[in-house]
Amino acid sequence: MLGCIENYGREIEWPSLMVRCHRTGRALHTGIETDPITYSVLPDIVTYSRCPHCGYEHAWRKSEAWLAESEQLYKRRHTVSTD
Ligand SMILES: [Zn+2]
């Protein structure tokens, strides 16, 4: 039964928290994955993430970050008009 619970947990893919690299302007994964509900109650504190684009560590706040899933929806909404 414990195996079932573990498998169940691993099957869920949460959206990744993304921030913008100030040096390259590219989006980077913070390494944090969370669901939108948990994200909404996270405190707006400074967090550090290693940037794969420029190699520096970036300090970022929750207010600068977005969920990867949200950006996909954002892009879809702004690049393709289905209405
Ligand atoms: Zn960077």
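These are my notebook entries on the strands and the core of a predicted model.

**Entry 1, the overall layout.** I started with the order of the elements. Reading from the N terminus, I get α-β-β-α-β-β-β-α, which fits the count of three helices and five strands in the protein.

**Entry 2, the hairpin.** Next I went to β1, residues 16-20, and β2, residues 27-33. They pair in the antiparallel sense, with four bridges between them. I looked up one bridge by name: Val 19 has Leu 28 of β2 as its partner. The two strands make a hairpin, and six residues separate them. In that turn I noted Gly 25, whose phi is positive at about 75°.

**Entry 3, the other partner of β1.** Which strand do two bridges join to β1? I found β5, residues 66-67, running antiparallel to β1. Here Met 18 is the residue opposite Trp 66.

**Entry 4, the core.** I then asked myself which residues make up the largest nonpolar core. There are five: Leu 17, Met 18, Val 19, Trp 60 and Ala 65. Strand β1 is the top contributor, giving three residues. I checked Ala 65 too, setting aside neighbours within four places in sequence. Its contacts are Leu 17, Met 18, Val 19 and Trp 60, plus Thr 30.

**Entry 5, the whole chain.** Last, two totals. Of the 83 residues in the protein, 10% are buried. Among contacts with a separation of 6 or more, 46% link residues 24 or more positions apart.

Note on methods:
Residues are numbered from 1 along each chain as its sequence is written. This is a predicted model: local features need pLDDT of at least 70, side-chain atom pairs count only at pLDDT 80 or more; totals for chains, interfaces and linings use all residues. Two strands pair if DSSP finds at least two bridges between them. A residue is buried if 20 or more other C-beta atoms lie within 10 Å of its own, exposed if 12 or fewer, and partly exposed in between; C-beta atoms are placed from the backbone. Two residues are in contact if their C-beta atoms, placed from the backbone, lie within 7 Å. A nonpolar core is a set of buried Ala, Val, Leu, Ile, Met, Phe, Trp, Tyr and Cys residues joined through C-beta atoms within 7 Å.
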